Amino acid sequence: MAIQQQINKVIHGIGASSGIITGRAYLVERFKVRLPQKRIHPSHVDGEVERFYKAIEEAREQLQEVKEKILDPMVRQHAFILDVHMMILDDEMLIQNTVENIRKRKINSEWALDLTLGKLDAVFNAIEDEYLRERRSDLHHVAARIFRNLMGRKHDDITKIKGKVIVVAHDLSPADTLQMRLNHVAGFVTDIGGRVSHTAILARSLGIPAVVGLEAATSLINGGDLLIIDGEAGKVVINPTEEISESFLERRKRVKLLEREVLKYASLPAETRDGVRIHLQANIEMVEEIPSAKSHGAEGIGLYRTEVLYLNRKDLPTEDEHYQTYRKIVENISPGVATIRTLDIGGDKFLDGYSKNNEMNPAMGLRAIRFSFKETDIFKAQLNGILRASAHGKLRILFPMISGIEEIRRAKAILEEVRKGLIRAKVPFDRGIKVGAMIEIPSASVTADILAREVDFFSIGTNDLIQYALAVDRINEHVSYLFEPLHPAILRIVRSVVLSARRVGIPVAICGEMAAEPAYVLVLLGLGLEEFSMNPVAIPKVKKVLRMVEAEETRSLAERLFQCATATEIKRHVRRWMAERFSEDFGRSIAEELKT
Ligand code: PEP
Ligand code: MG
């Protein structure tokens, strides 16, 4: 029972990574599928029970086939898990309870099985033994297989994807997204997620067009459907007619032309018309992005998110691996500076065997510096690598998710231990290496005056700052309309952090996604920021807009914004301000974010 095929259906989500592409859908149901819940006519009950048994039989055959295909003896050792799954398929409670639900409640198999699962979950929850409790996940894997069979969906393994397809999933983790690079995925769409989720940020780094937060993509799209995805506008068209396809191709041509035009600015200095020199740097997730950072005009690396080093592997990076990676970065970006952010795992990125994605509230849980304090060996290995690499160029260390002065002191104390070890071992490193704090938690921004005395620089991470200050989960599509960078609260916070840094005389940069949007950059410039770090591709257009304005006039603009009571008023005002200065075309091309 495949879902009904859609023709020319446009669905709207959140543009996560730009690019317009067309391709066939490849359904990866990670992790949740919307289950159809239907009441059935009494005369259809027997047929429904039969459908359920058929799905079970198919599952058994599929598992048997998977088992037979395993040739690698190392993998074979783990094949027992397939036997466990086959045993679950025979489980009386699972089968009888579901059949009973179909018969008594007159409901479809999916609904009936879902009810059984709920009941079995409750049984598992009551089990004291942790090992047995863990078997619940096996039950869910098996159930997912049965659901897929019932719904006529293909089974898939993301690591096996080959060729140019558009991956359609309920959710993709940053680790899943990374694997796509290896498999030439043309683009992806997901039901959940927001523009500043790490999955979206990674997609931009990898240059994979993506639309997230579509809510019902996995319910509406069938494997094999032809899709057009517009990663800029956040649109997906399912099985487009030829006419629609052509109009998208036209738009693609126009977008490409604009991109080419703006590239001219990559090599020009980022200087305002009244001579204020601005520093533009790149955010990167992988060493491979350095050539792109340079060709787009980055002066340095303002944020290297080191998590990718740890993802998709069972072991941990060694000290030497850290050293070699950071050395490569600093040597390649020289004479520019490279800012290495220590591990920011947790939240929406998880490390095999360590951080668990079962926290009730992972964004506020064991994330970033908190994880590093718990796993000090992992932290020290990284610090060791950073310090050693600092002998080869200008490196800076950046600590993520600092909430107050004690954490900075603690991080610096651990760094000091590592430094002493290297001194004892006579290993060279930069003794004057600069240490900075991310300002991304409201408590850090409020106490920035105190923090500024402990560090050499600040980097404002607006992705998290907005998330925590406005209480808006950055990966939740249902509240993404509340994720408002120009909220009066955010402007006030940024202004006060800039003033605190200025009073003590330390530099302050901004490295959240806000820095990649020209319209926001104008406001940030007006608030006194002169250092911006962003995804490399955004640098030329930010340069272009900076070269068109005077810093002085953006200061008056920012001042005026403090009289506005709402983000809507602020955006309206910025839009009007831009309309007075820029041509209609250019104004429109950078005002996308200011739509209310
Ligand atoms: C931020 O929070 O703004 C930031 C730059 O870091 P990340 O997006 O990796 O959390
Ligand atoms: Mg952050």
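Helices and strands are taken here as DSSP runs, numbered from the N terminus, with at least four residues required for a helix and at least two for a strand. In this predicted model, helix 9 (198–206), strand 10 (301–305) and helix 19 (462–470) each contribute at least two residues to the shell around ligand 1. Among these elements, helix 19 gives the most to that shell, with three residues.

The shell around ligand 1 comprises 16 residues, of which H198, R305, N463, D464 and R474 come nearest to the ligand. By residue class, the shell divides into four nonpolar, five polar and seven charged residues. Ligand 1 itself sits in the largest cavity. Oxygen atoms of the ligand are approached by both side-chain and backbone atoms of the protein: a polar side-chain atom of D464 lies 2.8 Å from an oxygen atom of ligand 1, an N or O atom in the side chain of E440 is 3.0 Å from an oxygen atom of the ligand, and a backbone N or O atom of G461 is found at 3.3 Å from an oxygen atom of ligand 1. Taken alone, ligand 1 exposes 290 Å², and the protein buries 100% of that area.

Of the elements that supply the shell, helix 9 is mostly covered, since nine of its nine residues are buried; these include H198, T199 and A200 as well as R204, S205 and L206. Helix 9 is followed by G207, whose phi is positive, near 70°. In strand 10, which holds L303, this residue has a relative accessibility of 1% and therefore counts as buried, the cut-off for that class being under 20%. L303 also lies 8.2 Å from M534, C-alpha to C-alpha, although the two are 231 residues apart in sequence.

Several loops carry backbone features that deserve separate mention. The peptide bond from S334 to P335 is cis, with omega near 10°, and P335 belongs to the loop between helix 13 (319–333) and strand 11 (338–341). A positive phi of about 55° is found at A368, which is not a glycine; A368 is placed in the loop between strand 11 and helix 14 (369–374). A positive phi, near 55°, also occurs at A471, again a residue other than glycine, and A471 is located in the loop between helix 19 and helix 20 (488–504). With regard to accessibility, A368 counts as buried because its relative accessibility is 0%, whereas A471, at 68%, counts as exposed.

Terms used
Residues are numbered from 1 along each chain as its sequence is written. Chains are lettered from A and ligands numbered from 1 in the order in which they are written. This is a predicted model: local features need pLDDT of at least 70, side-chain atom pairs count only at pLDDT 80 or more; totals for chains, interfaces and linings use all residues. Side-chain values use heavy atoms; hydrogens and water are left out. A residue is near a molecule or strand if one of its heavy atoms lies within 4 Å of it. A polar contact is a pair of N or O atoms within 3.5 Å; within protein, one must be able to donate a hydrogen and the other to accept it, and residues adjacent in sequence count only if both atoms are side-chain atoms. Accessible areas come from the Shrake-Rupley method with a 1.4 Å probe; for residues, only the protein chains shown count as cover. On a 1 Å grid over the protein atoms alone, a cavity is a set of points where a 1.4 Å probe fits but cannot get out, and a pocket is an open set with protein on both sides within 12 Å along at least five of seven lines; lining residues have an atom within 4 Å of a point. A molecule sits in a cavity or pocket if more than half of its atoms lie within 2 Å of its grid points. Ala, Val, Leu, Ile, Met, Phe, Trp, Tyr, Cys and Pro count as nonpolar, Asp, Glu, Lys and Arg as charged, and the others, Gly among them, as polar. Buried means under 20% relative accessible area, exposed over 50%, partly exposed in between (1.4 Å probe, protein chains only).
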